[in-house]
Amino acid sequence: MAAPSLQDGIDQAGSAVRLLWKPDAEPWLPEGIEDEYAGWRREQAAWRSSVAFLDLSHHMSDTFIEGPDAVRLLESVSANDYTRFEIGQAKQFVPVAGDGNIVTDGILMRTAGAGFVLSGIPAAQNWVKYHGKKGGYDVGFITDPEARWREGRDARLFRYQVQGPLAAELVENAFGGPLPEVKFFHSTPVALRHARFRALRHGMAGQAGYELCSDW
């Protein structure tokens with residue numbers, strides 16, 4: 001007897017919404033760190049009126065994509081333009097099916113001429129890996145999953161985000177001065193004491209912010 005399909009589940013539930021919506025489900029919490037929540041209202045107020053400092057190292061998966069066919073593969077499975085995609089630049093990655101429907105999304109950063117890292121939930125990464133292997137592209141993949149699947153080991157990358165109207169002031173205090181000016185979703189190499197990493201110019205609160213990221 002064949003295993004039940006997704007369509008079987010939808011038919012039995014009555015609709016896709018009824019199948020997927022779980023109003024009484026336990027809240028999802030990222031693994032690997034202790035809870036540090038002050039409350040939703042205070043957290044929203046932080047990035048809106050002061051500054052929020054966020055650890056994004058645990059709840060996302062990262063897939064490293066490298067090889068001569070990396071760009072050709074990404075072009076074939078997404079709606080993005082890669083003609084002017086600089087090393088150290090990031091994009092909102094938009095994977096699409098052959099009929100143009102969006103599959104999901106992610107954040108794609110170019111790390112070398114033929115090297116990229118795709119971050120976010122695994123769906124976009126699985127989409128790229130599936131077509132890369134099915135299509136015979138000359139490209140390799142290394143996936144570092146989110147914390148729950150790392151079996152206690154450290155992540156390959158650390159990623160901290162600083163956002164809010166006081167983000168620039170906090171960064172200047174930490175680094176002893178302003179960071180080099182870069183365009184939105186471009187990055188610049190920076191150093192803080194003995195550590196060297198990249199600062200990605202971000203902004204989710206209407207002001208300049210950064211994602212600080214490098215090897216763990």
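Q: In this predicted model, how do the residues lining the second largest pocket divide into nonpolar, polar and charged?
A: The second largest pocket of the predicted model has a volume of about 270 Å³. Among the residues of its lining, those closest to the pocket centre are F53, Y160, L192, F197 and L212. Tyr counts as nonpolar alongside Phe and Leu, and the lining as a whole divides into 13 nonpolar, no polar and no charged residues.

Q: Which element gives the most residues to the lining of the second largest pocket?
A: The elements that give two or more residues to this lining are β7, α6 (167–175) and β9 (195–202). The element that gives the most, with four residues, is α6.

Q: Why is strand β7 (residues 157–163) described as largely enclosed by the rest of the structure?
A: A residue counts as buried when its relative accessible area is under 20%. Strand β7 is largely enclosed by the rest of the structure because, of its seven residues, the number that are buried is six.

Q: Which residue of β10 stands opposite Y160?
A: Strand β7 pairs with strand β10 (residues 209–215) in the antiparallel sense, over six bridges. Y160 is also one of the residues closest to the centre of the second largest pocket, and L212 is another. Within the pairing, the residue of β10 that stands opposite Y160 is L212.

Q: How many bridges join strand β1 (residues 52–55) to β7?
A: Strands β1 and β7 run antiparallel, and within their pairing A52 stands opposite Q163. The number of bridges that join β1 to β7 is four.

Q: How many residues lie between β4 and β5 in the hairpin that they form?
A: Strand β4 (residues 106–112) is joined to strand β5 (residues 115–120) by five bridges, and the two strands run antiparallel. In this pairing A112 stands opposite G115, and the number of residues between β4 and β5 in their hairpin is two.

Q: Which residue of β4 stands opposite F93?
A: Strand β4 also pairs with strand β3 (residues 90–93), in the antiparallel sense and over four bridges. The residue of β4 that stands opposite F93 is G106.

Q: What percentage of the contacts in the protein with a separation of 6 or more comes from residues 24 or more positions apart?
A: The protein contains six helices and ten strands, and its C-alpha atoms fill a box of roughly 65 × 45 × 35 Å along the principal axes. Of its 216 residues, 39% count as buried. Among contacts with a separation of 6 or more, the share from residues 24 or more positions apart is 57%.

Conventions. Residues are numbered from 1 along each chain as its sequence is written. This is a predicted model: local features need pLDDT of at least 70, side-chain atom pairs count only at pLDDT 80 or more; totals for chains, interfaces and linings use all residues. Side-chain values use heavy atoms; hydrogens and water are left out. Buried means under 20% relative accessible area, exposed over 50%, partly exposed in between (1.4 Å probe, protein chains only). Two strands pair if DSSP finds at least two bridges between them. On a 1 Å grid over the protein atoms alone, a cavity is a set of points where a 1.4 Å probe fits but cannot get out, and a pocket is an open set with protein on both sides within 12 Å along at least five of seven lines; lining residues have an atom within 4 Å of a point. Grid points are joined across faces, edges and corners, and a volume is the space filled by probe spheres set on the points. Contact means heavy atoms within 4.5 Å.
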